[in-house]
Amino acid sequence: MQNVKIKKTINFISQNFIYLFLLLLIIIIAFINPNFLSLTCLRDILLQCSTRVIIAVGMFCILLTGGVDLGAGRVIGFTAVLSASMLQTTDYARRFYPNLPQQPLFIPILIALLAGVVVGILNGIIISRFSVPPFIATLGTQVIVYGITSIYFDLPPNNSQPIGGLRKDFTFLGSGSIGGIPIIVILAILIAAIAWLVFTKTSFGKNTYAIGGNRQAAEVSGINVKMTLFIIYTVASLCFAFAGVLEAARTGGATNNYGFMYEFDAIAACFVGGVSTTGGIGTIPGVLAGVFIFGVINYGLTFIGINPYWQYILKGIVIVFAVAFDIRKYIAKK
Amino acid sequence: MNGENFILEMNNISKEFPGVKALDNVTLQVRPGTVHALMGENGAGKSTLMKCLFGIYKHDSGEIIIDGNKVEIKDSKTAINLGISMIHQELHPIPYRSVMENIWLGRFPMKNYVLFKLIDNKKMHEDTINLFRNLNINIEPNTIVGTMSVSKIQLMEIAKAVSYNSKVIIMDEPTSSLTEDEVDHLFTIIRDLKNRGVSIIYITHKIDEVLKIADEVTIMRDGKKMGTWVASELTRDLIISKMVGRELTNMFPPKSNVPGEVVLRVENLTSPFPKSFKNVSFELRKGEILGIGGLVGAQRTELVEAIFGLRSIESGKIFIKDKEVNIKSPTYAKNHRIALLTEERRATGIFPMLSVLENTVIANIKAYRKPSLLLDNKKIRKDVERSIEMLKIKTPSYKTLIKNLSGGNQQKVLIARWLLTTPDILILDEPTRGIDVGAKYEIYTIIAELAKQGKSIIMISSEMPELIGMSDRIMVMCEGRMSGIIEGNKVTEEEIMRLATKFIA
């Protein structure tokens, strides 16, 4: 009897390791400084995590197919610069387009999102039509995207100056609240919810799991694998593009180096959240837990007054050990 | 056999791969409501022909006619829509997903929720239960496939193929991992499908199965069609001669090995896992061929892998030449001169993208290290060439990638690999699985010769004629326990079967 109970407990822990780890982390920090458990802190962490959630959701789609996108950060930089350049106040001294009349808010945003989607379409074609491994395809396109962003950013009269003076209605997207809840948080929750619905309840989602689990089996089951991959890369890029726009709105500016290396944070969050490195395994709640583990480390360590550089060491340890523990679920016991 | 209606005609199909004419003007005509067996050695082109039919390959010339209409099959989806489904030989399912998701993949039942079309899990569950009930299969639809036994997965694949309600079902080696009872079960399903007017294209090596279930038989050799016969007109010998192009008088080579002193003794070996092997004891003599028989799932593979140091042991002892040994890993096993040819040749045997040469020497690479730490390529080449000659490995050169060899020749390379480690004890796990008749005989000859040279051999096999024909003694296992050891030449298939099912309630 005792044995069965212990086994059940062990099983429960290993099945829910990520969530328990997040809980433990919060408890430890709250133990050191009980003020951590306040609404302000929760709000701050949610705020910091929201763009990361959007990026991680995009990355999740791709990792699930067994691929990867090394260009996520560069797309963020691209769309941040694009949207910011068209959304400066008309009385700002160093305007990107000195003579551009005030646009309705959605037009520059739409242009930026479309630009991001174009990158995704490009990735999708290279990967699904020409069978270039995603690692290499996105490694190539990210350099191109960075080049384009930098050339655009360097256009006169801007000449590589940080873009500032953004319109209030735009920055409101990134820093404003509705009913006390930051808009950006609402958007992140919305996107995560849609992704959860798609991956648990629709055939498109299940097909994606199938492709990552066994591509050949998916093919002979009549799934259009190439089309599915194409859509996945495009949609993921849309997520990155949206995150880029929100980053510009949140910080009130943009440079060509925005988003640099963000893809690695997203990949780390997904893997810590239980997504398989070979594809076919992973859940949205897991990914959210992954993002929040890093969010809590980021915010919590500063909150209890530890040298912020310690974060990096702790993050690295978490990546390796969380995955080492989580993967035990899938290792065949001999 | 002319002039009547066919549900499916593949006329004059040709397909060329770089350097190989895989299909040469092959014609296959299948009648409605019949079982049409497609036979031939490995590499004869059966699977290629079916892959053309299922839209996985595209044929270079020829036409496909279904129900009187000429069709163009550009992918699997088209094939499915045209009423064809297929049980694939080498395809594994999606291991992390549930049984029902695997079955309805690509055509999940949907339901409208306000704005969205979402998967109807409840209907999918019901459909799966109904499907399984009709086929008398007992699997819970929510089981994660990766946790099921191979034979259950095979049953699931069969159910999946049936669930398409196709006019033609292709079954590529459907019984490769089924127990005898499950084969009977499959045959019941096939007869039922026949009665409902479904045609089955049945690919197999197993001649007994063909004689039992097929209405017509088409035999292929080297990418060409040898002919189509009514099954009742065929005999075992006739089929073999058509398949290999020569008369095979003996299934097994003569043996002249003389078992000597005991080299390996296993006492009460028990696995830490309750469902695995327990209390297994046996002895193996010098120059002896010890067969291990049993049903799939009898834990035979687990037992020999434990002896080889791949799996953990809870209790029990292993003695080599009367000295107790502790084999913690395959490295220890190698040092004790034990070699193991694994069951899953493709998954755990060959390195497909490496050459025959590299595949041959990989287990013995240290022996070729010069004092400078570089490898002695001359010696490697000499040894590999000698192996190729000795085991009659058919390969254009030692530089050829092993994935381009036939299954039988791949297996010979693996045997060569382990022979280079100069083992005293050679464990062969299903050494002839998926290998054609002609190559099987050659493998048997090699095994008999090795035993004669004084090597001790443990051979796991699910093919009873092979066990009886090759073994000096046969140990039969059932549900992880040893159910008996019998002298090879006195044994009948019935006796092995009786022991193999001894502990099954």
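This dialogue goes through an interface and a sheet in a predicted model.

Trainee: How many residues does each chain bring to the contact?

Mentor: Chain A supplies 24 residues and chain B supplies 28 residues. Between them the two chains bury about 2,100 Å², with 64% of that on carbon and sulfur atoms.

Trainee: Which side chains form the salt bridge?

Mentor: A salt bridge needs a side-chain nitrogen of Lys or Arg within 4 Å of a carboxyl oxygen of Asp or Glu. Across this interface the rule finds 1. Lys206(A) meets Glu101(B), at 2.8 Å from N to O. For polar contacts between chain A and chain B, the count is 4 residue pairs.

Trainee: Which elements of chain A give two or more residues to the side that touches chain B?

Mentor: They are α8 (183-201), α9 (203-213) and α10 (215-220) of chain A. The most comes from α9(A), with 6 residues. By class, that side of chain A has 8 nonpolar, 11 polar and 5 charged residues.

Trainee: Now the sheet. How do strands of a sheet pair?

Mentor: Strands pair through backbone hydrogen bonds, parallel or antiparallel. In chain B, an open sheet of 6 strands runs β18-β19-β20-β15-β21-β22, with mixed pairing. β18 (338-341) and β22 (481-487) of chain B each have a single partner strand, so one side of each lacks a neighbour in the sheet. From one strand to the next the twist averages 20 degrees.

Trainee: In which sense do β21(B) and β22(B) pair?

Mentor: Antiparallel, over 6 bridges. Within β22(B), Gly484(B) stands opposite Val476(B). Helix α17 (residues 493-500) of chain B packs on the sheet, touching β15, β21 and β22 of chain B. The direction of α17 makes about 35 degrees with that of β21(B).

Note on methods
Residues are numbered from 1 along each chain as its sequence is written. Chains are lettered from A and ligands numbered from 1 in the order in which they are written. This is a predicted model: local features need pLDDT of at least 70, side-chain atom pairs count only at pLDDT 80 or more; totals for chains, interfaces and linings use all residues. Side-chain values use heavy atoms; hydrogens and water are left out. Contact means heavy atoms within 4.5 Å. Buried area is the accessible area (1.4 Å probe) that two parts lose on being put together, summed over both. A polar contact is a pair of N or O atoms within 3.5 Å; within protein, one must be able to donate a hydrogen and the other to accept it, and residues adjacent in sequence count only if both atoms are side-chain atoms. Helices (H or I, at least four residues) and strands (E, at least two) are DSSP runs, numbered from the N terminus. Ala, Val, Leu, Ile, Met, Phe, Trp, Tyr, Cys and Pro count as nonpolar, Asp, Glu, Lys and Arg as charged, and the others, Gly among them, as polar. Two strands pair if DSSP finds at least two bridges between them. Axes are lines fitted to C-alpha atoms, for helices over the stretch in contact, and angles run from 0 to 180 degrees between N-to-C directions.
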